[in-house]
Amino acid sequence: MPSGRRQVQGDQYHHFIPQFLLRRFRIITYTNRSCIFVPRPKSDKSTSLLKAKQKRRITATKEGSIPVKSQTILYYDLSTGILETRSLSRAYGETNLYRDLRNVSNLNHIEEKFSRIECQASLIVNHLHGAIASSGKVCYLSRHDHRIFRKFLFLMQHRGDYRWLTCWKEDHSPLRDWVAKRKLEKGLQDDIELWKDCILYYIDKPHQQLVAEGDKTVKQLGGREKMEIMKRTRVDPCINWLAVYYTTIAIDYFMGIWESAEGTEFVLGHNSFGKPEGFTPDGDRIHLIYVLSPRLVVILRSTSFAFPDQHTKLSSIHGTLINIPMKPAAVRFSSFIPSIYSPEGLLEAFEKYRLSDAASEDMYTFTITKLTKSQTQAVNEVVLYNVRDTGSATFSFSGFMLDTLRAYIVSDYHYSLDSNRYDTLLRKLSSLDTKYPVLAQPIPVAGGSKVYEESATEQIFRLTTKAILNGEWKFPSLYKRAFQFYHTAADNPLLRNPVSKEICNLTSTCIVRFTTSLRPPPLSFRPRTGVRLLDSIPYWEFNFFVNFVRRTQDDINFGISKRRNDDMNDLVVDSCAVGLLEWLAKHRSDVLHARGLLV
């Protein structure tokens with residue numbers, strides 16, 4: 001530590017959402033609907049900064065319009081139902097969140113390193129907003145800035161909560177051996193110390209080094225296919241898993257920039273960074289969403305869907321954003337000349353060049369996607385749906401948020417079981433006599449569907465679900481309860497609520513994963529009609545399939561609060577286990593016959 005510099009060791013408030021992002025959600029009051037930009041007068045060069053600001057304020061006031069930005073944001077706490085204004089300095093953070101008690105010389109060194117990364121990222125975010133304001137609707141980023149920004153997005157995905165590690169340490173997790181070894185080697189006492197250790201690892205290494213180490217590890221394992229198999233069974237505790245994990249997101253997803261429609265805005269949730277949306281039957285996530293401002297989100301889309309014709313390859317894709325056009329950025333190389341390499345050596349040469357310092361001057365050209373109102377609403381529905389019961393949400397204009405909530409409540413994505421989560425906020429916004437802009441027309445429901453009343457079929461399903469969850473209906477076993485609910489949700493094709501969709505899609509994903517792990521049936525095997533499961537499945541046998549479904553769900557959603565209602569999630573998982581068992585009884589009865597589960 002340099003002499004003469006005193007390190008601050010007292011309590012500090014550490015933000016998990018940086019203030020430079022929160023400032024874009026600041027409360028703004030307008031004297032009228034239009035707002036003009038008043039350039040700095042030339043005479044300001046000879047005045048103090050304070051006088052210059054006062055002069056520009058006076059000039060703007062004379063024109064009849066001035067935006068007054070406070071240092072507060074609107075903050076809705078779902079756990080209390082309170083909508084309030086909070087200071088930027090005391091929102092979306094915790095006291096001593098990143099304090100490292102293992103580094104006595106500087107307890108806040110992780111926060112200081114975050115600050116340096118945020119300083120770089122803020123310049124890039126400002127650049128993105130500048131590109132949106134321009135008429136060209138394109139944005140240019142050097143590979144150097146792109147590396148910084150992708151690492152920032154990755155850190156934003158994991159810096160707010162240590163609970164993203166929970167799926168790594170559970171008894172059934174393929175990473176349990178790696179976690180135990182990491183804790184032992186580093187002398188880590190608990191999950192929070194493990195989380196800070198992982199975060200620090202990513203902070204200290206540049207993007208290209210993380211990718212290089214991840215690539216090297218994957219090659220040592222024998223390639224991507226073998227790595228995927230190991231990732232789903234049991235990870236070797238000796239490999240550099242942290243680099244492999246980072247590289248998977250860095251290589252398997254390409255970046256896009258989306259702008260909200262006129263008369264709408266994006267909503268910010270406490271966990272709106274890296275939130276997954278959509279998945280394939282194999283359980284691979286299609287999108288990761290990062291809300292950066294009311295006007296801007298950055299999307300990472302799976303490279304499996306980089307071009308429109310790839311969207312139709314799978315008939316059972318589950319997702320609402322896949323039809324929004326988005327293509328990879330065009331790249332202009334500064335010093336890489338593909339023509340000098342043979343076809344056999346081109347890929348290896350490019351991989352080496354991509355991670356070199358010479359590639360830093362490459363230039364990316366991103367096409368900014370201007371969303372429609374229904375597409376903006378679709379993004380907001382993902383954000384609102386995934387906010388935890390103990391979480392919070394922030395928005396810039398009350399009128400826009402009111403329209404968003406009205407559309408959300410009648411959308412396919414929302415379901416009546418969760419309607420009370422935003423009822424309090426909806427009532428408060430509806431009663432406000434606000435000067436904020438309010439839309440003249442409601443936002444269309446995502447996907448262009450019309451607003452609809454809950455059908456009788458949906459009402460019966462909702463009442464049935466509540467009766468099961470509240471214990472009004474009694475069952476002799478968990479299997480019987482799951483059997484009843486699975487057939488209630490899956491047998492009626494008229495049901496289109498998210499719970500029914502989730503059961504059908506998760507069951508399909510589990511069937512694909514489970515069958516790929518099975519040995520081929522005997523040559524003499526033929527599927528038989530009329531095969532039935534036992535009326536009562538032993539608890540330990542049923543629990544085996546339930547745990548498999550839960551592992552699959554963890555892989556899809558990172559194991560973090562798949563649903564806000566744990567009882568509801570348990571019911572969904574149990575029901576999917578029944579769906580998997582019934583499919584096996586019809587198509588692979590040899591598997592269940594060996595376990596004694598057939599009549």
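1. Helices α7 and α10 make a right-handed crossing. The model is a predicted one. Helix α7 covers residues 191-204 and helix α10 covers residues 241-252. Their axes cross at roughly 65° and come within 11 Å of each other. On the α7 side the contact is made by Cys198, Tyr201 and Tyr202. On the α10 side Leu242, Ala243, Tyr245 and Tyr246 take part. Sorted by class, this contact has seven nonpolar residues, with no polar and no charged ones.

2. Another helix pair to look at is α3 and α4. Helix α3 runs over residues 109-133 and helix α4 over residues 143-158. The two pack at an angle of about 115°, and their axes are 10 Å apart. This crossing is left-handed. From α3 the contact takes in Phe114, Ile117, Glu118, Gln120, Ala121, Ile124, Val125 and Leu128. From α4 the residues are Asp145, Ile148, Phe149, Lys151, Phe152 and Leu155. The class count for the contact of α3 with α4 is 10 nonpolar, one polar and three charged residues.

3. On the chain as a whole: the secondary structure comes to 20 helices and 14 strands. The chain has 599 residues, of which 51% count as buried. Among contacts in the chain with a separation of 6 or more, 78% are between residues 24 or more positions apart.

4. Salt bridges deserve a point of their own. A search of the whole structure gives 25 of them. One of these joins the side chains of Lys137 and Glu259, at 3.3 Å from N to O. The pair ties together distant parts of the chain, with the two positions 122 residues apart in sequence numbering. Lys137 sits in the loop between α3 and β6 (138-142), while Glu259 belongs to strand β7. The partners also differ in burial class: Lys137 is partly exposed at 28% relative accessibility, whereas Glu259 is buried, with a relative accessible area of 1%.

5. The Lys137 and Glu259 pair is part of a network of salt bridges. Which residues are linked in this network? They are Lys137, Glu259, Glu262, Arg295 and Lys370.

6. A salt bridge is also found within helix α13. The side chains of Asp403 and Arg406 meet at 4.0 Å, N to O. Because these two residues are three apart in helix α13 (residues 398-409), about one helical turn separates them. Asp403 is buried, with a relative accessible area of 5%. Arg406 counts as partly exposed, at 44% relative accessibility.

7. Arg588 and Asp590 form a further salt bridge, and their closest N and O atoms are 3.0 Å apart. Is Arg588 buried or exposed? With a relative accessible area of 11%, Arg588 is buried. Asp590, at 21% relative accessibility, counts as partly exposed. The cut-off for buried is under 20% relative accessible area, so Arg588 falls within that class and Asp590 does not.

8. Thr264 is a loop residue, placed between β7 (253-259) and β8 (268-269). The Thr264 side chain has a polar atom 2.7 Å from the backbone oxygen of Ala261. Despite its place in a loop, Thr264 is buried, with a relative accessible area of 9%. Strand β7, which comes before this loop, is the strand that holds Glu259 of the salt bridge with Lys137.

9. Two backbone angles should be checked. Phi of Tyr92 is near 55°, a positive value in a residue other than glycine. Tyr92 lies in the loop between β4 (82-87) and β5 (93-95). The relative accessible area of Tyr92 is 3%, so this residue counts as buried. Phi of Asn96 is near 60°, again a positive value in a residue other than glycine. Asn96 is in the loop between β5 and α3.

Terms used:
Residues numbered from 1 in each chain as written. Predicted model: local features only at pLDDT ≥ 70, side-chain atom pairs only at ≥ 80, totals over all residues. Heavy atoms only, no water. Axes fitted to C-alpha atoms, helices over the stretch in contact; angles between N-to-C directions. Helix = DSSP H or I, 4+ residues; strand = E, 2+ residues; numbered from the N terminus. Left-handed = near helix turned anticlockwise from the far one by under 90°. Contact = heavy atoms within 4.5 Å. Nonpolar A, V, L, I, M, F, W, Y, C, P; charged D, E, K, R; others polar. Buried < 20%, exposed > 50% of the residue type's maximum accessible area, 1.4 Å probe, protein only. Polar contact = N/O pair within 3.5 Å; in protein donor to acceptor, adjacent residues only side chain to side chain.
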